[in-house]
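User: I would like a close look at the aromatic side chains of this protein, set against the fold as a whole. Please take the overall dimensions before the rings.

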Amino acid sequence: MNSFESGFVEDLRFGFVQSAIPSARVANPSLITNEDNDTMLRAIREELKRSKRFTFSVAFISPDAIAMLKQVFLDSKIPGTIITSDYLGFNSPAAFRELANLSRHTEIEVRVFRKARSGFHAKGYLFQGADSETAIIGSSNLTPSALLHNKEWNLRFSAMPHGDIVQQIRSAVEHSVPLTDQWITSYEVTYVPRIPAPTPGSSVLPPEAAPVSRIDEAFEAALASNELVPSFDSIRPQDTALVLAVRTIVPNQMQEEALYEIQKLREAGERKAIVVSATGTGKTILSALDVRQASPKRMLFVVHREQILDRAIYEFQRVLEEPKSQFGKLAGGSRETDARYVFATVQSLSRPDILASLAPDAFDYVLIDEVHRAAASTYQRILDHFQPRFLLGLTATPERTDSVNIFELFDYNVPYEIRLKQALEEEMLAPFHYYGVTDYVDESGLVIEDEATLNRLVSSERVDHLLSAIEKYGQAGTEVRGLIFCSRREEAHELSRLLNSRFLRGKRLRTRALTGDDSVYDREQVVNQLEEGALDYILTVDVFNEGVDIPSINQVVMLRYTKSSVIFTQQLGRGLRKTAGKDYLVVIDFIGNYKNNYLVPIALFGDRSLNKDSIRRNMIDAEEAGHIAGVSSVSFDRISKERIFAALSRSTLNNVHSLKLEISNLQFRLNRVPTLFDFARFDSVDPVVMATAKGNYWNLLVDAKFFDHPLTPREGSILTLLSQELLNGKRPHELVLLRHLLAEQSLQRHELPRFFAGQQLKGTSTMTIESAIRMLNLDFYTQAEKQKYGNSPLIVEDEARISLEQEFTELYASHAEFRAHVDDVIETGLYLARHRYTWSEGFVVGQRYSRKDVCRLLNWVSNQQNIVNGYKLDMATMTCPIFITYHKGDEISSSVLYDEGFIDARSIRWSSKPSRTLKSPEIQKLVGNSYELHVFVKKDDIEGTDFYYLGRGTVHNPEETTQHNKEGKPVPIVEMEVQLVSPVETALYDYFHAAQSVR
């Protein structure tokens with residue numbers, strides 16, 4: 001039995017015989033239930049990435065599940081077979097079209113079960129590896145809910161290729177025929193769509209509702225004749241349930257919460273409020289529901305574009321159930337200002353003659369849409385003129401870059417806020433599947449860049465590349481309604497002309513370009529053509545970022561670099577509104593060599609931390625999980641992913657200008673200078689980034705002109721020490737002890753173990769207690785660090801007692817602002833310790849640590865970061881950290897350029913320092929595994945000083961060899977294999993493996 005078979009048997013014994021048996025836990029059986037991160041989607045993606053062939057036999061498949069797996073199918077490039085059926089008519093023609101399109105772009109064969117009408121409920125996923133085969137069999141179909149959220153039971157198990165169970169499974173998937181276009185066409189003739197239940201709080205009917213057009217026609221007729229609701233006489237009996245959905249708008253959970261909070265504000269006597277609600281979440285419906293709740297005598301609704309007015313009137317009529325005569329329009333040539341409900345554009349309403357004709361108290365309820373624009377003079381004239389009993393502002397993006405405080409205009413009252421991520425999780429928006437795709441690269445290797453010439457942007461080859469990607473990633477089973485965002489106006493017009501001469505899936509494309517040069521009338525006409533199906537795409541530059549409602553958009557193509565994360569989110573939001581017939585949005589983002597590429601993950605993940613590690617980790621985690629909020633997904637092809645990582649490494653996110661802007665934004669929200677804890681609780685800028693940019697947060701506030709009085713040298717050294725060393729929360733012990741001493745001044749040494757036990761910390765050894773003391777009395781630090789921190793410890797001690805240092809005690813007691821900042825650092829650090837780490841003394845696998853962090857958390861007597869280099873054995877603690885950097889800097893000597901890298905997800909090739917042999921004492925200690933080995937890896941020196949912690953390891957298979965030093969002379973060196981206790985998670989392994997493959 002070879003080593004692989006031996007490990008395989010150990011895993012099976014662990015899983016089926018006795019869980020106490022030592023095992024690597026690679027091939028052991030496991031139950032996948034969709035709890036926490038243990039999802040079917042994650043499991044399928046992991047297996048696909050390490051298999052050489054697969055077979056899926058699944059009864060029910062949906063197009064959006066195919067979209068979630070599309071990139072991993074394309075990346076893996078492995079052959080496979082997908083078997084499904086037409087049983088019960090669950091699989092839509094669109095699903096079969098998507099499968100057929102997937103087959104055209106991969107080595108995947110799609111087959112249909114031949115005996116489906118007699119019943120087909122198979123749910124099996126088979127993966128053939130190099131040495132074994134894995135199966136996942138259970139209850140999950142290939143749908144987003146079954147892959148992510150439903151309570152499912154799926155057993156994952158492995159077997160050797162010649163095992164009987166493998167033969168049984170293979171023989172069970174034979175009865176099928178190839179999927180063909182002719183079969184799909186025939187299926188479309190007999191297919192009857194399933195009609196789901198209506199969704200509360202929605203302004204549209206549920207997807208796939210067949211009689212939508214008849215209901216819309218009846219409703220329009222009712223509005224025109226001043227009837228309250230459509231006549232039931234004009235609707236077929238089988239459509240009654242859907243008519244009721246149109247007739248009565250019922251608030252969804254978010255809207256109920258928002259309505260309650262708004263009403264509570266009014267009852268408290270407040271007259272103003274601002275609601276922050278992501279694009280597509282139904283702000284208009286929410287505002288109409290609140291108007292219904294408040295029942296004002298007269299209402300004014302203000303928007304910035306005329307195109308929005310008719311839709312808003314339509315929505316308010318449906319919610320308020322009032323005849324058309326009660327609604328007036330003030331825009332263009334319309335002057336219907338006597339109506340109970342007036343809908344106006346800011347351009348018309350702000351005219352002096354119009355305002356003069358309306359009394360300040362003409363409306364007791366005023367609504368301002370897209371209120372982040374309210375700083376403009378036109379809005380200010382309106383706000384200064386009217387004196388309503390209640391003023392409500394609505395926006396998706398309250399943060400601004402022009403130092404204007406929108407929150408102040410509404411007395412800092414924010415009764416409700418729902419951002420994009422939460423809205424997706426609450427299923428208030430259509431889910432999206434984002435694909436980051438490499439932009440066109442010409443034959444000479446040139447890539448589209450920020451300042452690319454028009455000729456390159458509209459070259460025939462780039463158009464070919466565009467269409468190829470759309471055909472690969474776009475919806476194959478649904479008529480496209482798309483927006484293409486271009487980088488400049490000339491590009492939009494020329495690309496539209498070129499696309500109109502091309503074909504996509506056998507049909508000539510129909511596109512139009514719209515820019516700021518086009519009139520409102522022309523824009524409306526083109527939008528109507530898109531919604532009616534007369535156009536496939538609108539190409540635009542600066543028209544559709546906000547304020548335009550095109551619910552039918554199901555594809556967004558980004559052919560320009562990202563100028564800001566806000567604009568990116570606005571453009572993404574154009575396609576997120578739910579509507580009939582749209583299951584999900586496809587986003588195809590062409591990523592060239594743009595300096596702002598790092599803004600893409602910031603926007604997609606809503607990451608406002610300005611922390612590169614956080615942004616990088618979000619990308620890795622999304623790759624690992626296969627999805628983000630709700631059932632949306634984010635995928636990048638390999639090259640585009642590397643471009644984003646490279647742009648992120650080159651960027652400077654934490655400059656004073658950016659930090660000052662974020663301080664201002666939160667100050668506007670809170671009506672005071674924010675604390676570090678505010679940044680943590682509002683999930684804004686990483687407080688560690690904020691506090692360490694200038695040594696400590698106080699220094700930053702002085703530098704950014706929020707404070708005008710600097711700290712004393714001693715105060716500065718204390719805050720800098722706390723901010724630089726303890727705020728990160730990587731170990732809470734120092735913070736817990738310091739908080740106690742600030743309250744009680746001293747603590748008996750013998751009480752320390754009991755004290756820490758009372759803090760509910762997960763393990764506190766004597767060595768950790770002593771290490772925490774050395775951090776606070778400065779014994780741990782180098783001489784240069786001690787000087788940096790003023791050579792003044794925070795605590796002093798004798799054999800019996802630990803006390804707060806006297807000067808620190810006096811400053812803390814006498815200077816209220818200083819005391820507040822000290823408390824802020826401590827409480828924020830403890831918050832981070834609980835939420836980012838594990839409230840313990842150890843490392844967290846997957847988190848990042850510097851060499852200095854490692855010296856501290858391994859309880860070394862002193863900071864030895866400058867002499868650790870690749871590894872170091874510490875006799876006092878019997879620990880040895882090893883640090884591996886894939887891309888070492890050019891200044892590194894060839895004598896330390898070791899041949900290191902992953903063998904597989906559990907094994908790393910590692911080399912000793914030069915001039916070491918198998919007889920060297922340190923090598924014998926390593927090979928004997930008498931030291932506790934901790935493995936840390938980073939991709940590139942440009943990423944900074946921190947390494948990913950991969951866990952504990954053991955040394956195996958040492959081999960003595962030679963390496964040439966900088967003089968060209970051979971020196972002995974020992975190569976060995978480090979086996980990790982647990983395998984590296986798939987996405988993190990891929991992240992490092994990509995670096996290894998391009999070395």
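What radius of gyration does the protein have, and why does it agree or disagree with that of a compact globule? After that, which residues form an aromatic pair that is tilted?

Analyst: The model is predicted. Its radius of gyration is 32 Å, which agrees with a compact globule because 999 residues would give a value near 30 Å. Along the principal axes, the C-alpha trace spans about 95 × 80 × 55 Å. The chain is built into 40 helices and 35 strands. Of the contacts with a separation of 6 or more, 72% join residues 24 or more positions apart.

Buried residues account for 57% of the 999. The accessible surface is about 41400 Å², and carbon and sulfur atoms contribute 49% of that area. As for charge, there are 113 positive and 132 negative side chains, with the centres of the two sets 1 Å apart.

Now the rings. Searching the whole structure gives 48 aromatic pairs. One of them is F54 with F56, a tilted pair whose centres are 4.8 Å apart and whose planes meet at 50°. The angle falls between the cut-offs of 30 degrees for stacked and 60 for edge-to-face, so the pair counts as tilted. F54 has a relative accessible area of 1% and is therefore buried. F56 is likewise buried, because its relative accessibility is 0%. Elsewhere in the sequence, one aromatic cluster is formed by F645, Y886, F902, Y948, Y989, Y991 and F992.

Key. Residues numbered from 1 in each chain as written. Predicted model: local features only at pLDDT ≥ 70, side-chain atom pairs only at ≥ 80, totals over all residues. Heavy atoms only, no water. Helix = DSSP H or I, 4+ residues; strand = E, 2+ residues; numbered from the N terminus. Rg over C-alpha atoms; globule rule 2.2 N^0.38 Å. Buried < 20%, exposed > 50% of the residue type's maximum accessible area, 1.4 Å probe, protein only. Contact = heavy atoms within 4.5 Å. Areas by Shrake-Rupley, 256 points an atom, 1.4 Å probe, with all protein chains shown as cover. Lys, Arg positive; Asp, Glu negative; His and termini not counted. Charge placed at Lys NZ, Arg CZ, Asp CG, Glu CD. Phe/Tyr/Trp six-rings, centres within 6.5 Å; stacked < 30°, edge-to-face > 60°.
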